[in-house]
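Q: I would like a close look at a single part of this model, its sheet, together with whatever packs against that part. Please take the strand pairing as the point of departure and work outward from there.

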Amino acid sequence: MSRDWHAWHEKYDDPTSSLSRRLAVVRSELGSLLAAADAPVRLVSLCAGDGRDTLPVLADAQAEVDAVLVELDPGLAEQARATADALGLDRVEVRTADAGTTDTFADACPADVLLACGVFGNVRDDGVAATVAALPSLLTHGAHVVWTRGRQVPHDPTEVDGDPSLVVRDLFAATGFEQVSFVRPDDAGFRVGVHRWPGATGTPRPGHRLFSFV
Ligand SMILES: C[S@@+](CC[C@H](N)C(=O)[O-])C[C@H]1O[C@@H](n2cnc3c(N)ncnc32)[C@H](O)[C@@H]1O
């Protein structure tokens with residue numbers, strides 16, 4: 001891995017940072033989705049980090065949630081496991097694995113909620129497009145995707161001029177997703193989208209490469 005993702009997580013320590021503000025939005029959006037759930041939820045988080053955007057929300061939720069968090073860094077994955085244990089979340093599995101291939105999580109799909117937070121800003125434009133195009137195969141009818149995209153992330157691999165989150169949003173629309181929300185503050189670089197899949201439940205396909213981090 002080329003980046004120090006532990007150092008990246010330290011920006012969460014500053015409650016005024018853009019990342020902390022993004023965290024609050026992601027948790028809120030996820031909490032709303034779980035509050036509206038009327039059946040058990042299958043959740044998958046790609047590149048889950050230490051799971052802080054997901055695990056406390058699951059602990060507070062009334063919904064029954066079976067969650068698979070996929071994180072490549074062993075230390076961050078272990079932190080997520082420890083947090084899940086501490087919160088008594090025995091229906092959470094943290095996989096130390098490559099989330100860029102469906103091999104590692106296709107068995108946890110089709111998902112009702114899929115998180116792709118902190119992913120698209122680390123992936124070339126064709127990988128972002130490939131990932132969004134593949135999402136319907138990983139989702140149930142009516143499933144939701146919570147995604148983020150920074151406006152000017154460090155080492156940004158995009159060739160898009162302007163705000164790349166708008167391109168991601170357009171990709172979701174072109175794939176047939178419905179926009180539920182799109183948070184784009186003027187005074188911060190983070191963006192958080194929630195999109196609903198209105199089509200048929202997909203058939204997860206193992207062995208499909210979605211993305212690779214640059
Ligand atoms: C920008 S951070 C986002 C973490 C978390 N989703 C969040 O928003 O707080 C990106 C994470 O992806 C992880 N990562 C990088 N490549 C990965 C891969 N191929 N599969 C799974 N995780 C990966 C990194 O270790 C890091 O924890």
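How many bridges join strand β2 to strand β3, and do the two run parallel or antiparallel?

A: In this predicted model, strand β2, which spans residues 65-71, is joined to strand β3, residues 92-96, by five bridges, and the two strands run parallel. Within this pairing, L69 has V94 of β3 as its bridge partner. Between the two strands the chain passes through helix α4, residues 74-86, and the resulting β-α-β crossover is right-handed.

This pair belongs to an open sheet of seven strands, whose order is β3-β2-β1-β4-β5-β7-β6 and whose pairing is mixed. Strand β3 is an edge strand, as is β6 (178-183), each of them pairing on one side only. From one strand to the next, the twist averages 15°. The mixed character can be followed at another pair, where β5 (residues 139-148) and β7 (residues 192-196) run antiparallel and are joined by five bridges; in that pair, H144 stands opposite R196 of β7.

Two helices that pack on the sheet can be described by what they touch. Helix α2, residues 18-35, touches β1 (41-46), β2, β4 (111-116), β5, β6 and β7, and its direction makes about 20° with that of β7. Helix α4, which was met above in the crossover, packs on the sheet by touching β2 and β3, with a direction that makes about 170° with that of β3.

There is also a packing of helix against helix to consider, in which α5 (residues 125-134) and α6 (residues 164-175) lie at an angle of about 35°, with their axes 9 Å apart, and the crossing of these two helices is right-handed. On the α5 side, V128, A129, V132 and A133 take part, and they meet V168, L171, F172 and T175 of α6.

As for covalent links between cysteines, the structure holds zero disulfides. C109 is in none, the nearest cysteine sulfur being that of C47, 14 Å away, and C109 counts as buried because its relative accessibility is 6%, which falls under the 20% limit. For C117, the closest cysteine sulfur is likewise in C47, but at 10 Å this is too far for a bond, given that a disulfide requires the two sulfur atoms to be within 2.5 Å. C117 also counts as buried, because its relative accessibility is 7%.

Note on methods. Residues are numbered from 1 along each chain as its sequence is written. This is a predicted model: local features need pLDDT of at least 70, side-chain atom pairs count only at pLDDT 80 or more; totals for chains, interfaces and linings use all residues. Side-chain values use heavy atoms; hydrogens and water are left out. Two strands pair if DSSP finds at least two bridges between them. Helices (H or I, at least four residues) and strands (E, at least two) are DSSP runs, numbered from the N terminus. A crossover is right-handed if, with the strands pointing away from the viewer, the path from the first strand over the helix to the second runs clockwise. Buried means under 20% relative accessible area, exposed over 50%, partly exposed in between (1.4 Å probe, protein chains only). Axes are lines fitted to C-alpha atoms, for helices over the stretch in contact, and angles run from 0 to 180 degrees between N-to-C directions. Contact means heavy atoms within 4.5 Å. A crossing is left-handed if the near helix is turned anticlockwise from the far one by less than a right angle, and right-handed if clockwise.
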